[in-house]
Amino acid sequence: MVENRPLLSILAHIVLLLGVAIVALPVWITFVGASHEAERMLQTPIPMLPGDQFFVNLRQTLWGSGLEGTNTAPVWMMLMNSMVMALMIAIGKIAISLLSAFAIVYFKFPFRMGFFWMIFITLMLPVEVRILPTFEVIADLGMLNSYWGLTVPLIASATATFMFRQVFLTIPDEMLESARIDGAGPMRFFWDIVIPLSRTNIAALFVILFIYGWNQYLWPLLITTDTDMMTIVVSIKQMLEAAEQSPQWNIIMMTALLAMIPPIFVVIAMQKLFVQGLTETDK
Amino acid sequence: MTFTKTLLASSALVGLMAGAAAAQTEIHWWHAMGGANGERIDRMAAEFNAMQSDYVIVPTYKGNYTETMTAAIAAFRAGEQPHLVQVFEVGTATMMAAEGAIYPVEEMMADAGEPFDGDAYLPAVVSYYQTPEGELLSMPFNSSSPVMWYNADALAAAGVDVPTTWDDVEAVAQALVDNGMACGLAIGWQSWVMIENFSAWHDMPMGTQENGFAGFDTEFTFNTEAVANRLQRLADMQEGNLFVYGGRRGDSLPMFTNGECGMWMNSSAYYGSMVAQAEFEFGQTMLPLDTDLADAPQNSIIGGATLWALRGHDAAEYEGLAQFMTYLSSPEVQAWWSQETGYVPITTAAYELGQEQGFYAENPGTDTAIQQLSLNAPTPNSRGIRFGNFVQVRDVINEELEALWAGDQTAQEALDNAVERGNELLRRFERSVN
Amino acid sequence: MLKRVHFPASLLPYLLVAPQVIITLIFFIWPASQAVYQSFLIEDAFGFSTEFVWFENFEYLLQDDHYRDSFGRTIFFSAAVAFLSMSFALILAGFADRVIRGSTTYRTLLIWPYAVAPVLAGALFLFMFNPTIGIFPYLLEMVGYDWNHYLNGSQAMFLVIIAAAWKQVAYNFLFYLAAMQSIPRSIIEAAAIDGAGPIRRFATIIFPLISPTTFFLLVINAVYAFFETFGIIHAVTQGGPANSTTTLVYKVYNDGFIGLDLGGSAAQSVILMFLVIVMTVIQFRFIEKRVQY
């Protein structure tokens with residue numbers, strides 16, 4: 001502390017706690033909503049304190065079919081689909097990006113910059129604006145209703161490549177020189193030097209990409225026609241649609257809670273690596 | 001059978017349906033019914049599957065109406081279309097124009113050798129979905145019509161009768177608010193209720209070429225003084241909360257079921273939700289009449305959706321589909337479905353069965369929609385509407401009306417804008433199909 | 001761009017970039033070129049009849065007041081989201097930087113909204129602000145304010161802005177806190193000895209020193225608000241009422257996916273792609289410069 005001002009410190013804590021409260025409020029309301037009966041959630045004012053139906057709702061949501069009549073897969077199955085999708089996207093992206101960034105930074109070969117720009121242009125274009133043509137490609141390849149169809153097109157973004165390129169550029173050239181003196185080949189150098197040095201960034205990217213994959217909405221909605229392939233985030237939106245006729249906010253909120261927990265867990269569990277990797281490489 | 005079942009169960013678990021498909025022919029049905037209605041669809045499919053062993057109907061919920069339709073079209077373009085898809089009434093023109101994609105239901109039934117009697121269906125229901133030659137294109141499934149829902153307890157407390165004219169509606173709304181209610185009237189699906197049905201109910205055209213039935217070169221004409229006056233009066237009713245706008249589609253339902261608003265104009269198909277949610281005595285009655293425009297109502301038009309068969313599958317599969325169509329329109333199924341949901345029964349036999357069962361006598365008002373639909377023989381103004389790009393046109397109407405409710409423009413301006421923008425969309429549609 | 005030393009050229013680098021390049025070609029370049037082609041067509045939804053119309057779809061868009069409005073609206077929305085989430089994050093980070101003990105705990109308590117799906121965030125805010133049963137309209141009614149975002153476009157816009165900003169606070173907070181913690185303590189202490197109070201120190205030393213972070217976050221937040229808020233708008237307002245929350249990306253979706261106007265929607269995609277390329281170049285130049293300090 002620069003100087004000792006107890007009042008200011010107290011103020012700091014108050015402001016921060018207030019900030020935490022504001023940020024947490026929506027989730028508190030979700031939790032409260034998930035712990036009441038459906039009827040209670042239709043009366044104003046809605047409760048602000050938890051009720052006693054939490055585990056009843058949890059059981060119905062997790063092992064029952066969730067919302068009545070949406071004939072969706074059970075929620076645990078959707079959670080599993082989301083998990084597979086998020087993991088495949090995260091790992092796939094990291095793997096192909098490490099390789100291509102390595103090639104672009106450590107080799108000099110014809111069309112190197114051409115490849116770089118080609119990849120780089122994909123950096124920001126969201127799936128939403130090219131969704132119908134992409135859908136046709138997936139259908140032509142027979143990848144509808146499969147984990148491949150769900151994930152591979154989303155791996156074609158370049159955030160990760162770009163980030164690894166930045167990281168590799170900070171690795172001192174002396175490393176490569178000494179490795180070459182030792183007679184290490186490129187792949188050996190890749191495994192023994194480059195990968196260990198980018199560990200934090202891999203972790204940070206894993207968090208970002210896991211969340212990116214988990215939170216996908218429009219793409220899985222279009223690509224899965226088989227209810228067994230539905231992901232949890234898609235099901236929330238469908239529950240909101242069904243809510244027009246018969247709102248079961250307790251189940252919707254419980255599903256929302258279940259859909260939030262895995263990505264939040266990943267962020268918090270890997271917080272330290274995530275923050276380091278994110279802020280220290282200048283992204 | 002048990003073996004197949006086990007196989008089905010275990011293969012469903014890993015997401016591989018191929019093993020079971022070898023035994024029975026699968027027929028895919030994409031639908032847009034969530035909630036309790038989705039459950040009812042599952043029940044119908046399960047019953048049909050249990051009745052015979054050659055075919056398995058696989059219903060899949062594909063999101064709301066627009067999402068379901070787009071998904072089916074995208075799937076068709078990719079050669080992955082389902083056999084049967086539920087499309088809402090405003091998508092009719094788009095589907096009709098896609099002659100190579102759709103398999104007209106009547107033709108499909110004939111090809112499959114399945115008996116089909118067009119006269120068994122209620123004229124007001126099927127006329128919306130027939131070609132000019134009278135061939136039925138798609139199977140009416142969930143058809144409804146807008147009605148006036150009212151909170152009987154609140155009306156009684158305020159000492160007023162159920163309204164039959166728009167003047168009554170205004171008076172009742174005033175009485176309800178005077179008696180302490182938060183609002184008098186709310187509406188949903190505003191284009192459908194306040195423009196499409198308002199026009200048909202008073203036998204006024206909404207566009208040229210018999211509301212689009214006679215050709216794609218149609219233009220909107222609903223920016224008349226008659227419609228504008230009514231909408232303007234409705235907008236003026238917002239003063240003092242006699243009318244409160246509660247959102248598109250059925251978003252305003254909780255306002256009625258919570259007891260905030262005493263009257264609600266929307267689909268008869270909210271019957272199931274009313275039974276589940278309203279904790280007061282509620283009723284439904286016919287749409288109000290604007291006595292400046294007509295002495296008696298014509299007939300209302302339907303909303304809801306129909307089932308379209310899509311081409312591109314084996315003949316044997318269509319045989320199964322044809323059998324399923326027969327099952328779906330059987331009196332027992334239709335009577336059960338309509339009584340549970342508030343949709344209208346699509347055949348005369350189903351309506352009569354309901355009467356025999358005493359359902360309409362026990363639940364007064366539940367036949368309001370069907371009575372409205374069959375009030376008079378439909379005229380070119382009240383047969384229905386068939387406009388291209390109508391999904392977008394409805395959005396345009398929603399937008400312009402919302403600007404009216406917000407007080408940003410007058411009713412006449414809103415309608416003029418909606419007609420002008422709507423006509424542009426019609427022209428684009430005309431070009432796209434020619 | 002390239003290391004001074006590098007491995008000799010061989011087949012290997014091509015094999016290494018191959019997976020990424022193949023995926024990019026099949027799932028990005030090809031569909032994107034299809035979109036460009038489609039933007040010159042007027043086509044029915046099923047693809048049975050197609051008319052090549054050159055730039056007519058673009059002309060139609062540029063004449064369309066609603067399209068121009070959605071441009072302006074998107075910019076306003078992005079600016080509001082960036083400003084709200086960044087200033088809130090800045091305040092929190094400023095105070096978190098002061099507390100020695102517990103700043104990690106606060107960080108933990110603040111970063112998780114980052115993990116919440118946009119659609120989910122939308123669902124939560126929709127529930128809290130539901131005019132009939134939501135808690136906020138109920139409270140607002142007590143003080144005599146009538147909340148109905150189904151009717152009032154400004155309220156609807158406000159709602160999507162705070163939902164979008166809420167999600168982004170965590171990200172901004174992380175960067176601001178890290179930037180503040182990397183300022184050498186000696187500078188701050190020197191200022192304190194000169195008698196500068198906390199507010200003055202913040203305004204004259206800390207804020208200018210973290211301005212690169214601010215600029216960086218501005219770009220990131222703008223991109224976020226432009227492209228990644230689709231799920232929020234879709235869940236909360238679906239672009240309404242009266243188009244008042246229809247952003248550019250939402251309009252692409254709405255015209256193409258809901259309205260089935262494939263040519264018009266593709267033309268909008270092409271305009272967006274062009275914007276993306278411009279933004280990417282700006283971002284790239286900027287980040288490139290930072291790396292070189």
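## A first look at chain B

With 434 residues, chain B would be expected to have a radius of gyration near 22 Å if it were a compact globule, and its value of 22 Å agrees with that. Here the radius is taken over C-alpha atoms, and the globule rule is 2.2 Å times the number of residues to the power 0.38.

This is a predicted model, where local features need pLDDT of at least 70, side-chain atom pairs count only at pLDDT 80 or more, and totals for chains, interfaces and linings use all residues. Residues are numbered from 1 along each chain as its sequence is written, while chains are lettered from A and ligands numbered from 1 in the order in which they are written.

Some basics on chain B:

| Feature of chain B | Value |
|---|---|
| Span of the C-alpha trace along its principal axes | about 65 × 50 × 40 Å |
| Buried residues | 59% of the 434 residues |
| Secondary structure | 21 helices and ten strands |

Helices (H or I, at least four residues) and strands (E, at least two) are DSSP runs, numbered from the N terminus. Buried means that 20 or more other C-beta atoms, placed from the backbone, lie within 10 Å of the residue's own.

Now take strand β7 of chain B, residues 183-187: five of its five residues are buried, so the strand is largely enclosed by the rest of the structure. β7(B) pairs with strand β8 (residues 261-267) of chain B in the parallel sense, over four bridges; pairing takes at least two bridges found by DSSP. Across from L185(B) you'll find M263(B) in β8(B).

As for confidence, the predictor gives the complex an ipTM of 0.82 and a pTM of 0.83.

Key:
A residue is buried if 20 or more other C-beta atoms lie within 10 Å of its own, exposed if 12 or fewer, and partly exposed in between; C-beta atoms are placed from the backbone.
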